[in-house]
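Please walk through this protein with a focus on how its charged side chains pair up, and then on what else its surface and overall build show.

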Amino acid sequence: MGSSRWKVAAAAAFLAIVGSLLPVDADEHDHTYTDKEEVVLWMNTVGPYHNRQETYKYFSLPFCAGNKKTISHYHETLGEALQGVELEFSGLDIKFKDEVLQTTYCEIDLDKAKRDAFVYAIKNHYWYQMYIDDLPIWGIVGEADENGEDHYLWTYKKLEIGFNGNRIVDVNLTSEGKVRLVPNTRIAMSYSVKWKKSDVKFEDRFDKYLDPSFFQHRIHWFSIFNSFMMVIFLVGLVSMILMRTLRKDYARYSKEEEMDDMDRDLGDEYGWKQVHGDVFRPSSHPLIFSSLIGSGCQIFSVSFIVIIVAMVEDLYTERGSMLSTAIFVYAATSPVNGYFGGSLYAKQGGRRWIKQMFIGAFLIPAMVCGTAFFINFIAMYYHASRAIPFGTMVAVCCICFFVILPLNLVGTILGRNLSGQPNFPCRVNAVPRPIPEKKWFMEPAVIVCLGGILPFGSIFIEMYFIFTSFWAYKIYYVYGFMMLVLVILCIVTVCVTIVCTYFLLNAEDYRWQWTSFLSAASTAVYVYMYSFYYYFFKTKMYGLFQTSFYFGYMAVFSTALGIMCGAVGYMGTSAFVRKIYTNVKID
């Protein structure tokens, strides 16, 4: 009896967690109203304009709320909780199509502590955010005079709401009623609501928040065209050089096969054929290597699927929906991680496959959660809304243990059984071949450092637009551009790693697995270096919390991008290496 109850409770918790991942309407209504029906004004967060992620609860400043205390429904998704959305009821009485003249809804007893809080907010350019029917509204707390001696609070919220039929399609806020902050006075807070008919369609109501002049600027188009030309150049270069060079190699090796043993011994043998007995030797640290490859394949799958979903659905219209979708897709694609990581580990003769499965499953979640845990301490110290609640942490841990791990296990078992056999075209020698000396620029370390330059060059313009949408007040919506850039990045990465691997093998160095992975993954180093440039020259961020948040999550983003590029580069190079050694006759 107790066991059955436990199973029912566990099933209910699982369904609740999975349900919280799915994007849902963030408002309690279905976005349709009848005349005089209640319209909720949510107060979200307040914070410095230049530090977008440093946000606090709206009522952490000594604002006052309206008299209306009761409210019916409220929903919060996992994405909202992780992004620090803190919706609190404003207490303002707003009804659909019911105009409200300027009305005082509360008064602030301004003592010295409250005045100091408002003055600090005004000096740091604090803005606040509100929501009506999922439409965001921004307002400024106050302003200072030219000398910076007197500070003024905006006390009058003038709302103008546009409607089309029975739906809200537009909201505008005008802040008026500038009142000087003087201690030991009472400040009256007021609002008014004006309704107007609008021709804007409900489906297009978020268009006013988009910025086509920024995202569809000629520079954006030029960068895509430039990257596309780079792809054509690289693919042509790889095809020309490698095909011609490989044809010469094959001809030379065929000629050597026709020689007798004496001539062959006297001949000057060199090139990639000489390492045929070692090229398929297992990489060093195969457990970590296969886990990285599996994680990279999963990150690529998540990126591809989420971009397609974002192209089909306007995810920016729902609070936290992009993050919720990414978490859901990441959990659902865990078998991809297990399949590629498990099969590669089996091919390399690994025996501790359970340990590999655990490392592969928790490599990315541990990195993300570890960074979030560190930043969470700073957010708690600041009392910021970005501090992740304990219940949300438990939900994320449950997703890792009860969704990601089992699906990873399924993928690992399938990978080991379906494609875990080491069917290499060449036998691996029992004794490793000594690696001859070569020129300094052919060393793996040099190849790794140089390998990420071209992939970074193909994406760095797009990085500027992505950074600006995340760290500034822009909504990214050109996901077609992002898909093109992802495809271009993969092609450039594969071409560069194939060329690097060919030169490495031609120097009779068979350590190509880690070299191909790291030469592609070094793109992450250049992206992270670019994030420093962006922070110091493109933003006005300041403070410990915002700085740690920026560089912490940029490190996570760069590392994930590097693992994805490394996996793509390795998979392409692996197919190339297998192909060239299949086509040459080995004695």
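In this predicted model, the count of salt bridges comes to 22. One of them joins D98 to K36, with the closest N and O atoms 3.6 Å apart. D98 sits in the loop between strand 3 (88–89) and strand 4 (100–110), while K36 sits in the loop between helix 1 (2–21) and strand 1 (41–48), so this pair ties together parts that lie 62 residues apart in sequence. With a relative accessible area of 24%, D98 is partly exposed, whereas K36, at 53% relative accessibility, counts as exposed because the cut-off for that class is over 50%.

The loop between strand 3 and strand 4 also holds D93, whose partner K68 lies in the loop between strand 2 (56–57) and helix 2 (78–82), and this pair links distant parts of the chain, 25 residues apart. The closest N and O atoms of the salt bridge between D93 and K68 are 3.5 Å apart. Both ends of this bridge can be placed on the accessibility scale: D93 counts as partly exposed at 33% relative accessibility, and K68 is partly exposed as well, with a relative accessible area of 24%. The pair does not stand alone, for D93 and K68 are linked with E38 and K95 in a network of salt bridges.

A further salt bridge is formed by D116 and R115, and here the closest N and O atoms are 4.0 Å apart. Since salt bridges are counted within 4 Å, this distance matches the stated limit of the rule as written. D116 has a relative accessible area of 34% and is therefore partly exposed.

Is the acidic residue D211 buried or exposed? D211 has a relative accessible area of 18%, and because buried means under 20%, D211 is classed as buried. In the chain, D211 is located in the loop between strand 10 (185–197) and helix 4 (212–215). Once neighbours within four places in sequence are left aside, D211 is in contact with K474 and Y477. With K474 there is also a polar contact between the side chains, at a distance of 2.4 Å.

Attention can now turn from charged groups to nonpolar ones. A nonpolar surface patch of about 530 Å² is made by F222, F225, F228, M229 and I232. One of these residues, M229, is found in helix 5, which spans residues 218–258. M229 counts as partly exposed because its relative accessibility is 39%.

These local features belong to a protein with 17 helices and 10 strands. Taken along the principal axes, the C-alpha atoms fill a box of roughly 105 × 70 × 45 Å. Of the 587 residues, 49% count as buried, and the protein exposes about 28500 Å², of which carbon and sulfur atoms supply 63%. As for contacts between residues at least 6 apart in sequence, 83% of them join residues at least 24 apart. The bridge between D98 and K36, which spans 62 residues in sequence, and the one between D93 and K68, which spans 25, can be read beside that figure.

Note on methods
Residues are numbered from 1 along each chain as its sequence is written. This is a predicted model: local features need pLDDT of at least 70, side-chain atom pairs count only at pLDDT 80 or more; totals for chains, interfaces and linings use all residues. Side-chain values use heavy atoms; hydrogens and water are left out. Patches are made of residues with over 30% relative accessible area and no salt bridge: like charges are joined within 9 Å, nonpolar side chains (Val, Leu, Ile, Met, Phe, Trp, Tyr) within 5 Å. Accessible areas come from the Shrake-Rupley method with a 1.4 Å probe; for residues, only the protein chains shown count as cover. A salt bridge is a side-chain nitrogen of Lys or Arg within 4 Å of a carboxyl oxygen of Asp or Glu. Helices (H or I, at least four residues) and strands (E, at least two) are DSSP runs, numbered from the N terminus. Buried means under 20% relative accessible area, exposed over 50%, partly exposed in between (1.4 Å probe, protein chains only). A polar contact is a pair of N or O atoms within 3.5 Å; within protein, one must be able to donate a hydrogen and the other to accept it, and residues adjacent in sequence count only if both atoms are side-chain atoms. Contact means heavy atoms within 4.5 Å.
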